[in-house]
Amino acid sequence: MSLHITALSIVIVNSDGTEDTLRCIESIYANPPSASFEIVLVDNRSRIPCLPLVHERFPKVRTFSAPRRQGFARNYNLGIREAHGAYVLILNNDTLVHRDALDGLIGALRDHPEYGMVGPQIRGTNDRIQPACARPLISPRRYLWHILPADLGHPLGRLIERIESRRLERRPSGPVPCIVGACMLVRRSDLDTLGLLDEGYDFYYEDVEWCHRVWAQGRQVAYIAEARITHLGDQSLSKVKVWAKQSEYRSALRYFRQYYHLTQRQAWVIWFVTALNFLLRGSIFLAQEAATSKMSYARAYFYLWSWVLRRHPASADITEMLG
C-alpha cells in the first residue's frame, strides 16, 4: 500500500519570470489531472519577488526559496526532495498545460512499466512542434550540426527545424532517445535507482544526461504525442543570454567527456565551431542593427566570441574540466 497521499507533484522553478510562472500555474488549475496533485514552486532568488504574488493568487501552491542564486538542476532537485507525489513532474515555468496532458503522461507511465520517463508533445507559440521534445541523444557530431548548419539563428537552421517539426506531426507515441527538460515525468519509486538531476550541470544538458541515465539502466524514455503543452520559449532567458550560452558550452564539454570519451582533438573542434557560431551570430545581428537602427544581441555575441576564444581546450578552466 502506498504511503503517498498525493498522486502527482508538479515542480516548477521561477528565475526572474514571474508573469510566465503565474500563467503556467493558472493553466495547471484550468486543466488539472483527474488524480490529486500539488504544485511545488522553487524561486531562484528572483530580483523581483515572486512568492508573495503566488501566495495571493494560488494559496495552495507550496513555495520554497533557493538558499542562493543557483543552477536549474539544484533548484529542481530542491523541489523534488520536497515533493510528496507518487509521480513527479518537472515543468518549465514558461509553459502552458493543455487539457488532458497531465492525465496522458501519468497514464503512459502507469500502463508501461518499461518506461522510466515520459514527456509530452511540445508546441511553440507558432503552434509548430518543437523537435527537442523527441530527439536523438546529443553526441559531439550532433552538437556541431546544431550550432552551424542547423543553428536557428540562420535561415537554413530555421528551414531544418520546420522539416523536423513536420516529421514529428506524424510520429506516434513511443520510445525516443531523448525528451526535453521543459516537461519530464518520472515515478517517485524510480528515483532511488535513477537519482536526481546531476547538479554538476549549471544549465543545459541536465535533461539530456537524465535521459541518458534512464537508457543506461535498461529503461525507456518515451514521447507521448497525445499529451500536449505549449512552450513560450526563452522568455526569461533572453535577459541572461550570455550566461546561458556560456553554460551551454561548458555543459556540452562536460557531457561529452562523461559519456562519449571526448578527446582533446574533438574538444578543439567543438571550441572552434562554437567560436565561429558566436562570430556569425554577432555579425548577423550587427547587420540587422545597421538596417533597422534597433539594438539587438550583436554586442552580446561578440562578447561571447571573445569569451570562448579564451576558453580553448588548453586554457586552465577547460583543461581541468576535460581531465
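This is a chat about the packing, aromatic pairs, backbone angles and cysteines of a predicted model.

Me: Let's start inside. Which residues touch the most other members of the largest nonpolar core?
Reply: L91 and W210 do, in a core of 92 residues. Keep in mind that the model is predicted.

Me: What does W210 contact, leaving aside its neighbours within four places in sequence?
Reply: W210 is in contact with I80, I90, M117, M184, V186, L191, L194, G195, L196 and L197.

Me: OK, aromatics. How many aromatic pairs are there?
Reply: The count comes to 18 aromatic pairs. One of them is Y29 with F58, which is stacked, at 5.7 Å centre to centre and 15 degrees between the planes.

Me: Where do Y29 and F58 sit in the chain?
Reply: Y29 is in helix α1 (residues 18-30), while F58 is in the loop between α2 (51-57) and β3 (62-65). The two are 29 residues apart, and the pair links distant parts of the chain.

Me: Is F58 buried or exposed? And what about Y29?
Reply: F58 counts as buried, because its relative accessibility is 10%. Y29 comes out as partly exposed at 29%.

Me: What kind of pair do F256 and Y260 form?
Reply: That one is edge-to-face, with 6.1 Å centre to centre and 75 degrees between the planes. Both residues are in helix α9 (residues 241-260), and they are 4 residues apart, so about one helical turn separates them. F256 is buried, with a relative accessible area of 0%, whereas Y260 is partly exposed at 27%.

Me: Which residues are in the aromatic cluster with F256 and Y260?
Reply: Y143, Y205, Y255 and Y259 join F256 and Y260 in one aromatic cluster.

Me: And which ring does the charged end of R254 sit over?
Reply: The ring of Y201, with the charged end of R254 4.5 Å from the ring centre.

Me: Y143 is in that cluster. Which residues of α5 are buried?
Reply: P140, Y143 and I147 are buried in α5. Looking down the axis of α5, the buried residues fall within an arc of 55 degrees, so they line one face of the helix.

Me: What covers them?
Reply: The cover over the buried residues of α5 includes α9 and α10. N277 is in helix α10 (residues 264-292), and N277 touches I147 and D151, not counting residues up to four places away in sequence.

Me: Is N277 buried or exposed?
Reply: N277 is buried, with a relative accessible area of 5%.

Me: Changing topic: backbone angles. What is phi at Y204?
Reply: Phi of Y204 is near 80 degrees, so a positive value in a residue other than glycine. Most residues other than glycine have a negative phi. Y204 is found in the loop between α7 (191-194) and α8 (206-216), and it is partly exposed, with a relative accessible area of 27%.

Me: And what about phi at S293?
Reply: S293 also has a positive phi, of about 65 degrees, although it is not a glycine. S293 is in the loop between α10 and α11 (298-309). At a relative accessible area of 68%, S293 is exposed.

Me: Where's Q130?
Reply: Q130 is in the loop between β6 (115-123) and α5 (140-147). Its relative accessibility is 22%, so Q130 counts as partly exposed. Leaving aside neighbours within four places in sequence, Q130 is in contact with I122, R123, G124, L168 and H231.

Me: How far apart are Q130 and R219 in space?
Reply: They are 24 Å apart, C-alpha to C-alpha, and 89 residues apart in sequence.

Me: Last topic, cysteines. How many disulfides does the structure hold?
Reply: The structure holds 0 disulfides.

Me: Why is there no bond for C50?
Reply: Because the closest cysteine sulfur, in C24, is 11 Å from the sulfur of C50, too far for a bond. C50 is buried, with a relative accessible area of 1%.

Me: And how far is the nearest cysteine sulfur from C211?
Reply: The sulfur of C178 is 3.9 Å away, and C211 is in no disulfide. The cut-off for a disulfide is sulfur atoms within 2.5 Å. C211 is buried as well, with a relative accessible area of 0%.

Definitions and conventions
Residues are numbered from 1 along each chain as its sequence is written. This is a predicted model: local features need pLDDT of at least 70, side-chain atom pairs count only at pLDDT 80 or more; totals for chains, interfaces and linings use all residues. Side-chain values use heavy atoms; hydrogens and water are left out. A nonpolar core is a set of buried Ala, Val, Leu, Ile, Met, Phe, Trp, Tyr and Cys residues joined through side-chain atoms within 4.5 Å. Buried means under 20% relative accessible area, exposed over 50%, partly exposed in between (1.4 Å probe, protein chains only). Contact means heavy atoms within 4.5 Å. Rings of Phe, Tyr and Trp (its six-membered ring) pair if their centres lie within 6.5 Å; planes under 30 degrees apart count as stacked, over 60 as edge-to-face and the rest as tilted. A charge sits over a ring if NZ of Lys or CZ of Arg is within 6 Å of the ring centre and within 35 degrees of the ring normal. The arc is that of the directions from the helix axis to the C-beta atoms.
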